[in-house]
Amino acid sequence: HFLSARLLASWFAFTAENPDCCRSDGSFKKKTHEFVGLRFPEISADFLQKMHKALLNLSLFRKKEFGRETLFEPDFAKWKSFALLAPLSRASYIAAAFCLADCSSAPYGVPRDELQKTAVLVRDFLLLMPRDGLSRQNAQRLLFLLKERQGEFPQKENRFRRLLRENYAAASAGSSESDETLTIESLTGALILFGLLQGSAAGKKRTGKNRDETIEVFTVNSELYAPFSLRGSDGTGSELLDNSISINAGFSITVLKELPLSVFIELASCTELESCTVVASFRITKAASLRAFAGGAKPEGIESLLKKTASHELPQNLLFSLREWYALYSSGSLFKGYVLQVADDKRVLVENNPSLAPHIRIMLSPGVYLLDFLNDDEAFETIRKSGLEFIGGLKNPESGIEPLPFERLDTAARFSGGTDGLDVLFAKKSTNTDSVKNDEFW
């Protein structure tokens, strides 16, 4: 299998439709194995599980928990950013994320600096691979030399990371394999697993005693150098998009040729996956379109993309449905966040403020803005940087619930046992005179 744009976009659409496909640890649920068998008949569930694990480690999904249910929703903005990378860089990141998750040098996750350094290592290795290929053993040697050239790996750790690593090392002291050997083998295995390296016909190695030793030669997958951006001869990239998809009256889309991942993701964001084989098939549905609208898409944008890629004129009922679904989506909205209300004469100051304006998610009404602050600290800091002193601090409306008054001590009930209970507190015999004196403290 190979990490093609078709496969990645298909997986994006599948997980958007099935955000509950995994358990909290990222492993597939039982029903997911059935679903992927229907949607990806030519790809094993084990391969998709490993690919998904790598994508999770790249933070391309948002983890949400609702009681016992765990959801992994694709982060559309991060996927768009990821799609702009060259195929070689994308594949390098995925292979690095996968092997680092299993590598004993990173048992606590995939730190960003380690991930980037390992991805650079993989990319450089693939660029330096000779055209006629290398045996697996020689490929590992080249990988080892590049790793040594990079310097200490992983990168310098902070104290917290070092403590976690040392604790893990103490717990697994009985392991017979060294971290370094495991890392090199994991990297090589990931490159072969995800199709970055392809094994060719076996050859014969005639050296030393093993004159007739059979070896397998690995070469770099040529698809890693496929076009990934829209740069046609006319400068618009239309040559790469023309006649790319076919749309029928039932809103089913068949992708006829490989597209850049950036275009594929835009297409998959408003569709649900039907199947991913030699070609990918999607269907534009109401649920998928509503998800796309929530991500910022508009019917005009979807229509424009379909017109650029379709091999024929778009069905009119499809265009009508997109507008009808967007009208439904726009008829009601549920928001969560911070609301800023200002007077009319202060609107220009807020909307043009370089610190505050980027946090405006939507204008609910003139002078009323929904802001995307994550917490109170971010809100206070941004307002401070904005210099708009008239905003002040966070204002919460009064709850309207009157606080309970303090009970007057002179009217409060005494011990449930009456004044006789005082005998327990004072280590002397109670008398009538004592009872009267004790009343003075109440």
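Biologist: Where is the place of isoleucine 43?

Modeller: First, a heads-up: this is a predicted model, so local features need pLDDT of at least 70 and side-chain atom pairs count only at pLDDT 80 or more, while totals for chains, interfaces and linings use all residues. Residues are numbered from 1 along each chain as its sequence is written, and side-chain values use heavy atoms, with hydrogens and water left out. Helices (H or I, at least four residues) and strands (E, at least two) are DSSP runs, numbered from the N terminus. Isoleucine 43 is found in the loop between helix H2 (30-39) and helix H3 (45-57).

Biologist: Is isoleucine 43 buried or exposed?

Modeller: Buried means under 20% relative accessible area, exposed means over 50%, and partly exposed is in between (1.4 Å probe, protein chains only). Isoleucine 43 has a relative accessible area of 14%, so the word is buried.

Biologist: How far apart in space are isoleucine 43 and cysteine 276?

Modeller: Along the sequence, isoleucine 43 and cysteine 276 are 233 residues apart. In space, going C-alpha to C-alpha, the distance is 8.9 Å.

Biologist: How many disulfides does a search of the whole structure find?

Modeller: A disulfide is a pair of cysteine sulfur atoms within 2.5 Å. Cysteines can still be tucked away: cysteine 99 is buried at 4% relative accessible area, and cysteine 270 is buried at 2%. For disulfides, the whole-structure count is 0.

Biologist: How many aromatic pairs does a search of the whole structure find?

Modeller: Rings of Phe, Tyr and Trp (its six-membered ring) pair if their centres lie within 6.5 Å, with planes under 30 degrees apart called stacked, over 60 edge-to-face and the rest tilted. Searching the whole structure gives 16.

Biologist: What kind of pair do the rings of phenylalanine 251 and tryptophan 325 make?

Modeller: The two ring centres are 6.4 Å apart. Their planes stand at 80°, so phenylalanine 251 and tryptophan 325 are edge-to-face.

Biologist: How many residues apart in sequence are the parts that phenylalanine 251 and tryptophan 325 tie together?

Modeller: Phenylalanine 251 lies in the loop between strand S8 (245-247) and strand S9 (252-255), and tryptophan 325 lies in helix H14 (residues 316-330). Both residues are buried. The parts they tie together are separated in sequence by 74 residues.

Biologist: What kind of pair do the rings of tyrosine 338 and phenylalanine 373 make?

Modeller: Here the centres are 5.9 Å apart and the planes at 70°, so this pair is edge-to-face too. Tyrosine 338 lies in strand S12 (residues 338-341), and phenylalanine 373 in the loop between strand S14 (368-371) and helix H16 (376-386). Tyrosine 338 is buried at 18% relative accessible area, and phenylalanine 373 is buried at 7%. So the name for the ring pair is edge-to-face.

Biologist: The charged end of lysine 346 sits over the ring of which residue?

Modeller: A charge sits over a ring if NZ of Lys or CZ of Arg is within 6 Å of the ring centre and within 35 degrees of the ring normal. Lysine 346 has its charged end 5.5 Å from a ring centre, and that ring belongs to phenylalanine 390.

Biologist: Lysine 346 forms a salt bridge with which residue?

Modeller: A salt bridge is a side-chain nitrogen of Lys or Arg within 4 Å of a carboxyl oxygen of Asp or Glu. Lysine 346 counts as partly exposed at 24% relative accessibility, while its partner counts as exposed at 54%. With the closest N and O atoms 3.3 Å apart, that partner is aspartate 345.

Biologist: Which residue's side chain meets arginine 347 in a salt bridge?

Modeller: The N to O distance in this salt bridge is 3.7 Å. The two residues are 4 apart in helix H15 (residues 347-351), so about one helical turn separates them. Arginine 347 is partly exposed at 23%, and its partner is partly exposed at 35%: glutamate 351.

Biologist: Which are the edge strands of the open sheet with the order S12-S14-S13?

Modeller: Two strands pair if DSSP finds at least two bridges between them. This open sheet has 3 strands with antiparallel pairing. Each edge strand pairs on one side only, and the edge strands are S12 and strand S13 (360-365).
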